[in-house]
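Colleague: I have a model open and would like to learn how to read it feature by feature. Where shall we start?

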Amino acid sequence: MTTPTPTAHTPRAATGQSPTPAEQGKALLRRLIEEVINQGRLEVTDQLFSPELAAAAREGFAAFRAAFSDWHMELVDLIAEDDKVVGRFRCSGTHTGPWLGNAPTGRRFEQVDEVAILRVKDGRFVDYWALEDTAGRLQQLDSNLPSSP
């Protein structure tokens, strides 16, 4: 019996070969979105981030979940090369707790764009950089904020 040769659409793990760093990064980012963010399983953070980053990442995710108890992210794009993985997301949630000095409004934000770039080493994220549309989120939560130009 021969082992199938991986193609551009066949993950190496499906062929019995070790995943590439790029495949590993994509799998880690999918777990972060689904398990930590969408399911609220903050304990999984320790499995995904290096010991140096895990506590800070967990605290950041916990604080955002406290402000937006139904926080959900949709993965829109997932790109990886070598040891880096990039995700583009659409984020939604209801403002149920204090956030950025603002009392809970009970209002919901939808489809707020976010991008994250992460670096993977030894099966965990060792660098994390994110960009999000905080102004767009605030505008959806507070009708008194000026609209975008």
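Modeller: Start with one residue and its surface. This is a predicted model. L100 has a relative accessible area of 56%, and the cut-off for exposed is over 50%, so L100 is exposed.

Colleague: Where is L100 placed?

Modeller: L100 sits in the loop that runs between strand 2 and strand 3. Its backbone deserves a look too: phi of L100 is near 50 degrees, a positive value in a residue other than glycine.

Colleague: Which residue in strand 3 can I set beside that one?

Modeller: Take Q111, which is placed in strand 3. Q111 is not a glycine, and its phi is positive, about 55 degrees. Its relative accessible area is 42%, between the 20% and 50% cut-offs, so Q111 is partly exposed.

Colleague: Is E35 buried or exposed?

Modeller: Buried means under 20%, and E35 has 16% relative accessibility, so E35 counts as buried. E35 belongs to helix 1, which covers residues 21–38. Setting aside residues up to four places away in sequence, E35 touches G40, R41 and V44.

Colleague: Let us go back to the whole chain. How many helices and strands does the protein chain have?

Modeller: The protein chain has four helices and four strands. Along the sequence their pattern is α-α-α-β-β-β-β-α. The chain has 149 residues, and buried residues make up 32% of them.

Colleague: How do I read the contacts across the chain as a whole?

Modeller: Look at how far apart in sequence the partners are. Among contacts between residues at least 6 apart in sequence, 51% join residues at least 24 apart.

Colleague: Can you show me that on strand 1?

Modeller: Two residues will serve, H72 and I79, both placed in strand 1. The C-alpha atoms of H72 and C91 are 5.8 Å apart in space, although the two residues are 19 residues apart in sequence. Beyond its neighbours within four places, H72 is in contact with N38, R90, C91 and S92. H72 has 38% relative accessibility and therefore counts as partly exposed.

Colleague: And I79?

Modeller: I79 and G25 are 54 residues apart in sequence and 9.3 Å apart from C-alpha to C-alpha. With neighbours within four places left aside, the contacts of I79 are K26, K84, V85 and V86. I79 is exposed because its relative accessible area is 54% and the cut-off is over 50%.

Colleague: Now the interior. Which residues have the most contacts inside the largest nonpolar core?

Modeller: F49 and F125 do, in a core of 30 residues. The elements that give two or more residues to this core are helix 1, helix 3, strand 1, strand 2 and strand 3. Helix 1 supplies the largest share of the core, six residues.

Colleague: What does F49 touch?

Modeller: Not counting residues up to four places away in sequence, F49 touches L32, A54, A57, F61, L118, R124, F125 and Y128.

Colleague: A54, A57 and F61 recur when I look at helix 3. Which residues of helix 3 are buried?

Modeller: The buried residues of helix 3 are A54, A57, F61, F64, R65 and A67. They pack against helix 1, helix 2, strand 2, strand 3, strand 4 and helix 4. For the geometry, compare the span with what the length predicts: helix 3 has 17 residues and reaches 25 Å from its first C-alpha to its last, close to the 24 Å expected at 1.5 Å a residue.

Colleague: How do I find the empty space?

Modeller: Rolling a probe the size of a water molecule over the atoms shows where empty space is left. Here, the largest pocket has a volume of about 330 Å³. It is lined by 20 residues, and the closest to its centre are F61, W71, Y128, A130 and E132. Helix 1, helix 3, strand 3 and strand 4 each give two or more residues to the lining.

Colleague: Which element gives the most to the lining of the largest pocket?

Modeller: Helix 3 does, with six residues.

Colleague: How many residues of each class are in that lining?

Modeller: The lining of the largest pocket has 17 nonpolar, one polar and two charged residues.

Notes. Residues are numbered from 1 along each chain as its sequence is written. This is a predicted model: local features need pLDDT of at least 70, side-chain atom pairs count only at pLDDT 80 or more; totals for chains, interfaces and linings use all residues. Side-chain values use heavy atoms; hydrogens and water are left out. Buried means under 20% relative accessible area, exposed over 50%, partly exposed in between (1.4 Å probe, protein chains only). Contact means heavy atoms within 4.5 Å. A nonpolar core is a set of buried Ala, Val, Leu, Ile, Met, Phe, Trp, Tyr and Cys residues joined through side-chain atoms within 4.5 Å. On a 1 Å grid over the protein atoms alone, a cavity is a set of points where a 1.4 Å probe fits but cannot get out, and a pocket is an open set with protein on both sides within 12 Å along at least five of seven lines; lining residues have an atom within 4 Å of a point. Grid points are joined across faces, edges and corners, and a volume is the space filled by probe spheres set on the points. Ala, Val, Leu, Ile, Met, Phe, Trp, Tyr, Cys and Pro count as nonpolar, Asp, Glu, Lys and Arg as charged, and the others, Gly among them, as polar. The expected span of a helix is 1.5 Å times one less than its number of residues.
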